[in-house]
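Let's take a walk through this one, starting at the ligand and working outwards to a pair of helices. Keep in mind that the model is predicted.

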Amino acid sequence: MTNSQSGILQTPLPKVAIIGGGPAGLMAAEVLAKSGVRVELYDAMPSLGRKFLMAGKGGMNITHAEPFDVFLTRYGTRSGEIEPLLSAFSPDTLREWIHGLGIDTFVGTSNRVFPTDMKAAPLLRAWLHRLREYGINFHARHRWCGWNEQGGLRFTTAEGECSANADAVLLALGGGSWPQLGSDAAWVSLLARRGISVAPLRPSNCGFDIVWSPLFRERFTGEPLKSIAATFAGIRKQGECVISEHGIEGGLIYAHSAALRDEIDISGHATLLLDLMPDWSPQRVQNEVSHPRGSRSLSSHLQSRLGLKGVKANLLREVLDAGQMHDPELLARNIKSLPLQLVAARPLTEAISTAGGIRFEDMDGKLMLKELPGVFCAGEMLDWEAPTGGYLLTACFASGLAAGKGVLEWLQQQ
Ligand SMILES: Cc1cc2nc3c(=O)[nH]c(=O)nc-3n(C[C@H](O)[C@H](O)[C@H](O)COP(=O)(O)OP(=O)(O)OC[C@H]3O[C@@H](n4cnc5c(N)ncnc54)[C@H](O)[C@@H]3O)c2cc1C
């Protein structure tokens, strides 16, 4: 498309450098290229969208079909800043956009939305094909390493260092989790050199350390704890998790992880209460535990009366002392509310996503850095967090779209 065809921008054709080829950067690239801007997209990795592809392993949960006002609450204290982004690109609009790529979606259990084949790869393939048709130039294996003295963008490549100039720059560099997929948060220090300090990056949707006994760790690492509930700070959620070498992880834990992490930051530990039999009333558990067991061992009593065995039964022994195990009232109470002492969040590099990043207060309403006019930011590198359930990707797409539109407006004003 030429300038005159787009009808928006004057000659010469403006050039925008987008750095980061994840969902946020690619969405920004689409907006800009469709409007007739020349887009040069750089990424450090040999191929684009690696974390997006990883998110698709085991089922790509791309958004959520719950009511919009409930959806918004998932962004916690940042709901106010995320709201305008999602109003312009809602979960429904995201689904329509996916359908436009020839990929159907469906609403699964708990209102989670998936592509019909559950996979990320066909979607990414179709999208990149369309973006190439828009004329976007992709520069893989280009690691951005800041600005040179003339204000140009510096990249390291296999052939050595190179630089590029652009009328505007859009950073969509991701957070700091799973750095092997490309987003290694090296941008934090690059921006600090230009006077931009960020909210410290912290693990979000992460596992936690628990001091297991060597025997329990050896026997039960990797064992799932299915059909349980976990309560923290008065909030109860049902689901499942996994015993890990260092402690505990999995969907149910991720759902509580922001609050648990914050509590550990304040107090040095957090107590998560597990209900090992969420479908049974406390009274029913109490009745069955108290049932006379005759000569049977406690283990076979728990197994025959309550169906408690394996990792669940051994978790009780791991946490409770002999006195508590043999006091029917205390044991029943603990089966419904077993206190697990979490002592640390697992490192950011292992987390599903990142909390912290560029503060909304440091950007204008168009996601442009107030201190660096012409530099826009989008995606997980911004200071927000959300649980798993499609909320992460939805906000990445929406912020990419908003930042892309912001760049367009900025270019028109120059
Ligand atoms: C295991 C896993 C499962 C997930 N599952 C889901 C899910 O089911 N649903 C969901 O909503 N979300 C999920 N997520 C989260 C989701 O994938 C991310 O939130 C999303 O990919 C972030 O998009 P982004 O564009 O902001 O950043 P990224 O996707 O991280 O992309 C950033 C890009 O920037 C590039 N880059 C970074 N630094 C530089 C540099 N200096 N120079 C050049 N390029 C650079 C990287 O190579 C990368 O390609 C999952 C994440 C993980 C790790």
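Start at the ligand, which has 29 residues around it. The closest are Asp 43, Asn 61, Trp 144, Glu 380 and Leu 393. What sort of residues make up this shell, going by nonpolar, polar and charged? The split is 15 nonpolar, 10 polar and four charged.

Now zoom in on some atoms. Asn 61, already listed among the closest residues, has a backbone N or O atom 2.9 Å from a nitrogen atom of the ligand. Ala 44 also puts a polar backbone atom by a ligand nitrogen, this time at 3.0 Å. Over at Ala 24, a polar backbone atom sits 3.0 Å from an oxygen atom of the ligand.

How much of the ligand does the protein bury? On its own the ligand would expose 1,000 Å², and 95% of that is buried by the protein. As for where the shell comes from, the elements that supply two or more residues are helix H2 (23-34), helix H3 (50-55), strand E7 (143-147) and helix H16.

Let's follow H16 away from the ligand. Helix H16 (residues 391-413) meets helix H5 (residues 79-88), with their axes coming within 9 Å and crossing at roughly 80°. Since angles of 65 to 115 degrees count as roughly perpendicular, that makes H5 roughly perpendicular to H16.

Which residues make the contact? From H5 come Leu 85, Leu 86 and Ala 88, while H16 brings Thr 394, Ala 395, Ala 398, Ser 399, Leu 401 and Ala 402. Sort the residues of this contact and you get seven nonpolar, two polar and no charged.

How values were computed. Residues numbered from 1 in each chain as written. Predicted model: local features only at pLDDT ≥ 70, side-chain atom pairs only at ≥ 80, totals over all residues. Heavy atoms only, no water. Axes fitted to C-alpha atoms, helices over the stretch in contact; angles between N-to-C directions. Helix = DSSP H or I, 4+ residues; strand = E, 2+ residues; numbered from the N terminus. Parallel < 35°, antiparallel > 145°, perpendicular 65-115°, else oblique. Contact = heavy atoms within 4.5 Å. Nonpolar A, V, L, I, M, F, W, Y, C, P; charged D, E, K, R; others polar. Near = heavy atom within 4 Å. Polar contact = N/O pair within 3.5 Å; in protein donor to acceptor, adjacent residues only side chain to side chain. Areas by Shrake-Rupley, 256 points an atom, 1.4 Å probe, with all protein chains shown as cover.
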